[in-house]
Structures are given as C-alpha cells and as structure tokens.
Amino acid sequence: MNISVIKWVLSNGLVVLVAPHSSIPKVSMQLWYNVGSRDERTGEYGIAHLIEHMIFKGTEKLSESDINVVTHKLSASCNAFTSYDYTGYLFDTPAQHWQEFFPILADCMQHCSFKPEHLRSELKAVVQELKMYNDDFFSTLVERMMSSIFPDHAYGRPIIGYKQDLWNLSADKLRDFYQRYYAPNNATLVVVGDVNPEEVFAEAEKAFGSIPEREVARPELYHSFDVVGTKTVIHREVQQPLQLFAWVVPGVSTKKEYQLDLLSWILGAGRGCRLYQKLVVELGLATEVQSFVHELFQHGIFFLYVQPVSLDAADEIRRVVKEELIRFVAEGFSDAELERAMRKTEVDLVSLGENDHKVASLLGKLYSATRDENYLATYLKHDRNALKNEIQQIAARSFVPSMMHEGMVVPMEKTDAAAWLEQQQASDAEDARILGGIERQAPVEEPCYALSVEPKDIKSFDFPIAQTFSLSNGIKVFAYQRSDIGKLDVILDLKSKHYADGEEYQGLSMMVADLLEEGTKRHTGSEIAQILESMGMEFNAFPGQFAFSMLSRDITRGCEIFSELLFEPAFNEESIERVREQMLSQLHLFWDTPSEFVGQVAREQIYKNHPYGRNSMGTVESVSQFNRDQIVESYTRIMSPDGARIAVVGDFSSVDLPGLLEKTFGTWSGPSVTDMVFPEIAPSQEHVCRITMARDQYVLAYAGTSVARKDPRFDALLLFDQILSGGVLGSMSSRLFDLREASGLFYSIGGSLLAGAAKEPGMIFIKSFISGDRLSEAEERIEALLAEGATDCTEQELEEARRAIVNSYVDNFASQKQTAVTFLLLDYYDFPQDYYKQRAAQLQQVTVDDVRSAVSSVLSPDRLMRIEIGRF
C-alpha cells in the first residue's frame, strides 16, 4: 500500500493527517477524539457513546436536522463511533464537497447544544440500540467475557453503558463530560482521498484554528493481573452453539499489532492455520475456526472463535486448544508458517489501499494509540529473526493455560425458557415505565444552516472502459489495466446460478462451490490452503461465480492454481461430509439470527414457487441428503463455458493476458446451458407472517412485489428509494430515518423499493428493530408513511436524489473487484460501456409525476405483507 501521510499540527494542538489518494473523486475525513468509555466515572457509564449520538443533534448555529440535510444535499454520508479508548466522527463525501464539512466538525467541537428535547428521543434510540446488541449473541458474549477478564478496569464495562445510568443522564451531565474532553489538543483530524494537502491544512486552520486548547486530564487506569481463568456461559434459544477463547495480549500502544497479526494467521486465521487444520480437518470437532485481536490501546485480547459440530464436542475442543497452545509455546513455529502469515498480512494491507474510509480509520486508530503518523507506512518493515522472537515472547507471556478465558453460547433448556421470559417481561415493563415518562413534545427542528449550503458541480471522472475480447471457446473477457495497487482480481461468471438448482435441491450449487477448495485430483484441501495462503492468494466461490485475487507478480502461477481448483475437483467423500457439516452449521446460525433470516422469509412469501424465493444456502433437509453423484452431476451441468464471462482488473502488464487466459480457460469445454424460463410472479397481497422467537427486540419488516431492472419505472423508483430510505448513501436524511429522529422508536430502519431487482422483478423490503411495548406504535407510523407514498414528493427532493445517485457511481470503481463486478453487470444487462456517463441525463428526464405514478403502482398498503419476529 503506497500511502504517504503528511502531518500538520495547529497552534492549538489539533493534529491533521493527510493521505492523498486519487483513484476516484472521493474523500474520507474522520475526527478522532482521545476519549471513550474508559474515561467515564461511576454513575455516568454510557455517556461517551450517548454524546456521540448527540453531537449531530445541533449546536448554537446548527439546527437538529442541519447536519443530516447538509450531508444528503452534498451527496455525502456521515456516521460516528465510540470505543473504549476513542470516539470518532466521519464524513465520506464527493471530492468537490469536502471543505464544507470542516466548519461543521469545528462547530461540533465547541458549541453542541444538548437540548433536553433532543436528548429525550435520542435516549430512547440508544436504549433500542442496547436491546439490539442483546440479540447479537456473539457481541453479548464478547462483552460478558470482557467483564470477567477486566473486573478492575474500564475495559470490563460495556461501551453502551447500563440502562440505569442512561436513564439518569441529563443535558448538564453530558455538557460537563463534553467540555472535559472535546478540545482541539485532544483530537486528530484524518483526511484521505482526492485532496491537495496544502488546501486541507489551510482549510483546517481556517475552521479549527481559533478554537482554544483546553487542559485535558484522562484518568489513569490499572489492571491487576492474576493467574486466573474465567468461564462465561450464555443460554439462549439457538440451534448452533458458539465457543470463544480469549487471552490478554499487548495493546495497540505497544506497537505489536503486526506481530499479533502474524500470530493470528499462524494459529487461527485462514484454512491453512494450525487450529483450523486440527479442529476442523483432522479431528472434525468444529465447522469453523477464526481468530482475531480486539485492538484496545492499553491491553488487547486475542480471541479464538470456534463453531463446534455439537455441544458434546466443546470439552474436547477446549482440551485440544490448550494442548496446541502449550506445544506452540514450547516448540515455536516454522519458517513456512511465518512466510504464509507475512504474505497474507501484506496482501491485506495492499487491499486496504483500495478503500479510503478504511485507510482513514486505521490511520486514526494507530495514531491515536501511538502518536506515530508513520506507523502504517512502516507496518511491514521488521527484521525476520527479531519477529520470530517477538511472536514467541508474546505467546509465552499470554498463552498461559491457567489464564485462558472461555465463553459459550449454548441452547437454552426448556426449564430456562420460562425464567428468561419472566425476566424479559420485567425488563420490558421497567423500560416502559421509565421511558414512558421521557416523552418528546417538540417536532424535529427544520434545517437552517443547510439552506445556505449549495452543491458544486460533480468533479470530472473518466469511468474505466474495459478492453474486450473472446477466447476460442466463446468466453467473453473484460480486462482493465490498473497498476496502482499491485494486485490482480479475476472473476469467472457462469450462466447458471443457484436458482437453477430446483426446489428440492436448494443449496446444491453452493455445496459444489464450497467443495472446489476442499481438494483437487493433485492436491488435498489442506495442501490447497497452504499453497493459496503462502502466496497471499484468495479464492472465493459462490454458485455461478468464482473470484480469485493475487499479487501481480504471481499472475502466471495464480492462473495455474485457479484452473486446477475449477477444473480438477476431487469431490472425495470425507470432504463432502465436512462441507455438509459446515453448511448445516451455517444454516443453524442463519436461522438463529432473525435480522438475517427475515429477508429469506420475505423472499419465500413474495416469490413463493418462483426460483428467486429459493435459499442459496439450501435447507437443512436438502443439504442433509445430497450425495456425491448429485454433486458431480451438478458440477458437470453448471461448469460450462457456454455463456461464461471473465473480468480481469489490476496490473497484468508483465504478461500477454489474452494468451495467458487462452491457455488457462480456452480449452475448457462443457454442455450448453439453457436459458432459464421464469414463471410469472403474482402481485403480493396484504397479510401478516408472525414467527415466535425468544429475543429482546422484535424484528419488523414489510415486503411486496416490485419491478425488474429494465422496467420503465425503475429509474423513478430508484429516485424515490433515495428519498424514502436513503438509498445509495444509506442517508440519515431520509423519510424513514425522520421517524426515528422524531420518536426514538428504533435505532435503525432501512430497506429498498428495489431489493434484488434483476432481469426478474425485485421486491420492496423495509426492516427495523422494535421493543415489544412499541411494536404497535411503530407499525402504525411506518404504515402511515408508506401509505403516503410519493404523493408529496417535491422537485427539491428529486434533484437531491438525482445528485446523490450520480455522485455514487464512481464507487463502482473504487476497488479492483468492484470494477470487475461492474463490467460484468453492464454486460449482463446489455448496457453500453459508457453507461455511467449517460446516467445523469437519463435521471434528469424523470419528473415528479413519473415518480408519483411509479410509486403508486407498487407501494400500496393492500399489497404489502408484514413480518413480525419476536415473543408472541
């Protein structure tokens, strides 16, 4: 990743970091404050996170809705985040508008209003957020384990706080905390993207330079280490148990992140790591193993995540993990293991350079922790021998068997279900009692400052045009040379997709795809994993599409491996059974998660027997019965060059690309693939689908039939989708989000009028999360809004929607893989290669009347179904 960072410090102490990067005309800016939940005092737990919510609620100059409206008006997106050690605010914006957000960030640094009326609605939204996280059992487990690991340290408290503290936080308390920590000398401004550094520094001085510095004193924290291990078990209504192991490791401030990355790759990341090979491949005790580091500044946590094949396997998994780590500490690791880890970490860092937002986030975090603006640039520069010693030392100090912490999510016994429900009902009643007395009376403030902000002309951008040619067997190729990243992305797209499996064979093409990495006629699955990961390569297989990524210097060898994976699968019985277990485990996990499976329920209800209603993951019944003969038959049927296409994006200047692709794919033959004939989709009808599950929050969704991508109404619906839900920007300035602002009914709400629209019609899909005591109120308000449709749509809304959509088109070319996918989509719909140059003019032709007519034809209350998932 060739990212150079330039540092500037204002006289008041504000640090400005700029990393120019101009692949697309976008800019990511983030303002990081050195304050988080670790700085909270007794009785104010959760205040740092609540202030993060309130910062965008207005200042002495900005009204409550100004920031959202300005953001939407300028085709940008905004967000914020709070951790234990830091709080941040961000805007991702078209390059012509980045200067507009500096005055807003500067105003929020010193003049936030914290009006009690705004606090009332936002407090309710934060409580909804807390409930939402309660239903994320993995996050809940991590939080509970942190409490056990750090009983004497702020890292042991949840970032979002406790309800009893949140209920008692006043505007004055928020203002006091804000004035303690929100100062220029306690902040870092990070700007990454298509900018001139000198202009950034000048604008930063203009916006922030007059803000006085303030004395900031953070509390000193101390953790008393002890030889102790803990165990946390959470009982929930789930099918798939989860197991998590944890060890305390050095924090980010020690600059050991690279060593910990390597340690993670050696032990628990990737299919070639030690513990995946041991627990999944060799012993068959688990279906998934992953490791990750919880990157806290003072002390980090090394987590190992395991999905047991059954609850009965948990004890043996624990024994094996301890045994393997004792061996690792005693015997160390090989040069080959280190090389694999180094290459994978290098590729991760190279890929990071394709995403300005992620670069800004990493820069902000690393600088906040280390005060070294060059840390990222020197991240990979370490002496190899010293690295081995440092990794071994970290392992020896951290992986002490008696200091291993364990957590589990396990299925709840029937006898526990009644107790859980009783406790949940008591909690709901208390929430209703307390929050019922915190009612907002005033309407949402109208924009004021936003009225003076005017959007600028879109910055010119030459949309990439692919070089096209065909191989001798008819495969169409789209190629685009890009040398700034140093890697290559290749996508092979087949004509046959998962919906061709047939109703009784759902998931079969997914099983075929998963098996391609499980072994070939020349190499076992374990050998394949080592080959790929030792070269930093990545292979992703989906039904009907296969993606391969490699460093540009490995292009010839990469094509050889890609060919072997695709055309020489072994499909041995042992691998089939392992993949079957993995698919069943993922299905159980999927159906344990209402926020995930509600979309599949909607598809089944809307599409019924249409192939779009089928689940690409399959069903428990279908996956359980697949045999090798069916797998081989499916592979033979779908793996054909007939109608296949290849997209290649990256640096291929060192080879004759047409010749290399001809050698790799040109001799491939297969059966003809017939065009799929889809049945007609019946218009949806109003009805209610209710699913009972023991969860803190209720999932509420609405679904209905919509239109296909090439339907004449598509553009009108696309524009109103931007207005209704925030569309391509996920904008907080949308009609659905306005409901949240006014009422605090939900933490998040969103969706689309065109979900899944392709050659066949998509569907309307709106989703939110609600507490049970406010479900009826939420339904009433959402349904009233949807019933209004576009009847009051204005020309101003329409123009802002056009601008947002047109400004977003460059995002299709931000990364190499996105560029490859875009080339394939343009061809799939027979759109011209200069399609995006034409879009502004096409969208300009859509009138308010067109929007009203199109919306009224699909968004009708008597054609929307409602899905409710929760405690009934």
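In which helix does Ile394 lie? That is where I would like to begin, and the reply is helix H14, which covers residues 384-398. Before I go further, please keep in mind that what we have in front of us is a predicted model.

Ile394 is a buried residue, because its relative accessible area is 7%, and a residue is called buried under 20%. If we set aside residues up to four places away in sequence, Ile394 touches Pro250, Lys256, Gln259, Leu260, Leu263 and Phe399. As for Phe469, which sits 75 residues from Ile394 along the chain, the C-alpha atoms of these two residues are separated by 52 Å.

Let me now step back to the whole chain. The protein chain contains 30 helices and 22 strands, and along its principal axes the C-alpha trace spans about 70 × 70 × 65 Å. For 872 residues, a compact globule would be expected to have a radius of gyration near 29 Å, and the 27 Å found for this chain agrees with that. Of those 872 residues, 60% count as buried. When we take the contacts between residues at least 6 apart in sequence, 84% of them join residues at least 24 apart.

From here I will go through some helices, starting with H2, which runs over residues 66-73. This helix is largely enclosed by the rest of the structure, because 8 of its 8 residues are buried. Among them are the charged-looking names you may have spotted in the sequence, Asp66 and Lys73, together with Ile67, Val69, Val70 and His72. After H2 comes Ser75, with a positive phi near 60 degrees.

The next helix is H28, residues 816-828. How far apart are its end C-alpha atoms? They are 19 Å apart, and this agrees with the 18 Å that 13 residues should span at 1.5 Å a residue. The buried residues of H28 are Gln816, Thr819, Ala820, Thr822, Phe823, Leu824, Leu826 and Asp827. If you are looking at that pattern on the screen, it may help to recall that an α-helix has 3.6 residues a turn, so residues three or four places apart point the same way. As to what covers the buried residues of H28, the list includes four strands, namely S13 (476-481), S14 (487-493), S16 (545-551) and S17 (645-650), as well as helix H29 (835-844). Asp830 follows H28, and its phi is likewise positive, near 60 degrees.

I would also like to show you a pair of helices. Helix H24, residues 714-725, packs against helix H27, residues 795-808, at an angle of about 100 degrees, and their axes are 9 Å apart. The two are therefore roughly perpendicular to each other, since 65 to 115 degrees is the range for that term. On the H24 side the contact is made by Leu718, Leu719, Gln722 and Ile723, while H27 contributes Glu797, Leu798, Ala801, Arg802, Ala804 and Ile805. By character, the residues of this contact divide into 7 nonpolar, 1 polar and 2 charged.

Finally, some loops. Between helix H3 (102-110) and helix H4 (116-134) there is a loop that holds Ser113, and Phe114 lies in that loop between H3 and H4 too. Ser113 counts as buried at 16% relative accessibility, and, leaving aside its neighbours within four places in sequence, it is in contact with Lys57, Gly58, Thr59 and Arg175. Phe114 is buried as well, with a relative accessible area of 2%, and its phi is near 50 degrees, a positive value in a residue other than glycine.

Is Lys608, in the loop between helix H20 (594-607) and helix H21 (620-625), buried or exposed? Lys608 counts as exposed, because its relative accessibility is 56% and the term applies over 50%. Lys608 has a positive phi of about 50 degrees, although it is not a glycine.

The last residue is Ser496, found in the loop between S14 and helix H16 (508-515). At 10% relative accessibility Ser496 counts as buried, and, not counting residues up to four places away in sequence, it touches Gly544, Arg637, Ile638 and Val673. With Ser496 we are back at S14, one of the strands that cover the buried residues of H28.

Terms used:
Residues numbered from 1 in each chain as written. Predicted model: local features only at pLDDT ≥ 70, side-chain atom pairs only at ≥ 80, totals over all residues. Heavy atoms only, no water. Buried < 20%, exposed > 50% of the residue type's maximum accessible area, 1.4 Å probe, protein only. Contact = heavy atoms within 4.5 Å. Expected span 1.5 Å × (residues − 1). Axes fitted to C-alpha atoms, helices over the stretch in contact; angles between N-to-C directions. Parallel < 35°, antiparallel > 145°, perpendicular 65-115°, else oblique. Nonpolar A, V, L, I, M, F, W, Y, C, P; charged D, E, K, R; others polar. Rg over C-alpha atoms; globule rule 2.2 N^0.38 Å.
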